[in-house]
Amino acid sequence: AAARGLRIGSCFAWGRPGADRGSFANPAYAALLRRDCGILVPENEMKWQAIRPSATRFDFTRLDAMIGWAEKVGLPVRGHNLLWHQPKWMPAWEEAHDFGANPSRAAHDLLVGHIDTVCKRYNARIRSYDVVNEAVNPADGTLYDTALSRALGSPQETLDLTFRAARAAAPNAQLVYNDYMSWEPGNATHRAGVLRLLEGFKARGVPVDALGVQSHIVTQGVDARVSVASLEGEWHRFLDAVTAMGYDLVITELDVRDNALPADIAVRDHAVADFTRGYLDVMLSYPSLRDILLWGMTDRYSWIEGFEPRKDKAARRPCPYDANFKAKPMRSAIAAAI
Ligand code: XIL
């Protein structure tokens, strides 16, 4: 990857020494990260819930430890995220917050204070942020409302302010809008909503550098392998439109769900590998794509098992390494694609 000017990376987590987690404090996972990764991202530890126990308090204990470790072993870290613009992903205290007599001022100060505090704490140590995460409702393509955006005035003002505050506080960082729209036909409304949002940012001069394509992708069965051809059409049109506006692309959270495949592990793993290869070939045809981050290196710690278990209860296998840290065909597929 380095030879081609690319970085492969992964999310990682906080954990006590010896904990069986996707943590830097887990020696087996730490070794895997150091061997295969050129960039890392904290899975949960920069989110408001993690660092913002209340309106008046920050807690950076875990995040500091993670970033400190990454620096010690020479791995750059991305920031995820400065605002997850959905009520269910903001801390409960924030959704219930009393913004007082001048709500737009109070909301402005809360949000800008958050971004300032985080960005200035890490300064040049973080060169890329998912500034806003998942603001578009895939059901109708509109922006979500949150307590913060109601207090501030509107979702659009909230997102614009978030990016402007991030640029001011981290002038040298890549600022990313991150979302999970995909090529699937059922995602047309989501894609259209994201395009409208990105067009609006351009029209209003909002400082956004790249679209984060999360890439929690789903195979469509063993006979419907992804090839460049099957991703042509809507997905290419979407990415062409995004890049034509001047946005770069980042793969921020790659993992692969095998929904329509039989339980046979070899069959599943090969289909997942083929699918990953086809997907990366399409994505890497866009020269601005330099960073490819997996949402976890091993099936052992992947969030997918809890998020969407397989109907037949067979363990999920969405990552390049299996639950015993053995490399799977998906790892070879990534290596072949780059
Ligand atoms: C997920 C984490 O992996 C889980 O541990 C947590 O419980 C919920 O969030 N899109 C994102 C990530 O932007 O932050 C999500 O991470 C996965 C989907």
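Here is a short briefing on the structure above, grouped by topic. Please keep in mind that this is a predicted model. A ligand sits among six named residues, from Glu43 to Trp303, and the largest nonpolar core has 94 residues. Helices α8 and α13 each place their buried residues on one side, and a few single residues round off the tour.

**Around the ligand**
- The residues that surround the ligand are Glu43, Asn44, Asn133, Gln214, Glu253 and Trp303.
- By type, this shell has 3 polar residues, 2 charged ones and 1 nonpolar one.

**The nonpolar core**
- In soluble globular proteins, nonpolar side chains tend to be buried together.
- Here, the largest nonpolar core counts 94 residues, and Leu40, Tyr129, Val131 and Ala166 have the most contacts inside it.
- Helix α11 gives this core its largest share, with 8 residues.
- Tyr129 is worth finding in the viewer: beyond its neighbours within four places in sequence, Tyr129 is in contact with Gly79, Leu82, Ala166, Ala170, Ala173, Leu175 and Val176.

**Helix α8**
- This helix runs over residues 188-203, 16 residues in all, and spans 22 Å from its first C-alpha to its last, close to the 22 Å expected at 1.5 Å a residue.
- Its buried residues are His190, Arg191, Gly193, Val194, Leu197, Leu198 and Phe201.
- These buried residues lie on the same side of α8, because they cover an arc of only 165° around the axis.
- Lys202 and Ala203, on the other side of α8, are exposed.
- The cover over the buried residues of α8 includes strands β5 (174-179) and β6 (210-213), together with helix α10 (234-244).
- Just after α8 comes Gly205, which takes a positive phi of about 70°.

**Helix α13**
- In α13 (residues 329-337), the buried residues are Met330, Arg331, Ala333 and Ile334.
- They cover an arc of only 160° around the axis, so they sit on the same side of α13.
- Among the elements that cover them are β1 (7-12), β8 (248-258) and α11 (265-284).
- Helix α11 is therefore a name to remember: besides helping to cover the buried residues of α13, α11 supplies the largest share of the nonpolar core.

**Two residues of helix α5**
- Val118 belongs to helix α5, which covers residues 103-122, and Lys120 is in helix α5 as well.
- Val118 has 23 C-beta neighbours inside 10 Å, and a residue with 20 or more counts as buried, so Val118 is buried.
- Lys120 has 10 such neighbours inside 10 Å, and a residue with 12 or fewer counts as exposed, so Lys120 is exposed.
- Ala166, one of the core residues with the most contacts, is 48 residues from Val118 along the chain, yet their C-alpha atoms are separated by 9.5 Å.
- For Lys120 and Ala166, 46 residues apart in sequence, the C-alpha to C-alpha distance is 9.8 Å.

**Tyr29 in helix α1**
- Tyr29 is found in helix α1, made of residues 27-36.
- Tyr29 is buried, because 26 other C-beta atoms lie within 10 Å.
- Setting aside residues up to four places away in sequence, Tyr29 touches Gly22 and Ser23.
- Trp48 is 19 residues from Tyr29 along the chain, and 25 Å separates their C-alpha atoms.

Definitions and conventions: Residues numbered from 1 in each chain as written. Predicted model: local features only at pLDDT ≥ 70, side-chain atom pairs only at ≥ 80, totals over all residues. Near = placed C-beta within 6 Å. Nonpolar A, V, L, I, M, F, W, Y, C, P; charged D, E, K, R; others polar. Helix = DSSP H or I, 4+ residues; strand = E, 2+ residues; numbered from the N terminus. Contact = placed C-beta atoms within 7 Å. Arc of directions from axis to C-beta. Core = buried A, V, L, I, M, F, W, Y, C linked by C-beta atoms within 7 Å. Expected span 1.5 Å × (residues − 1).
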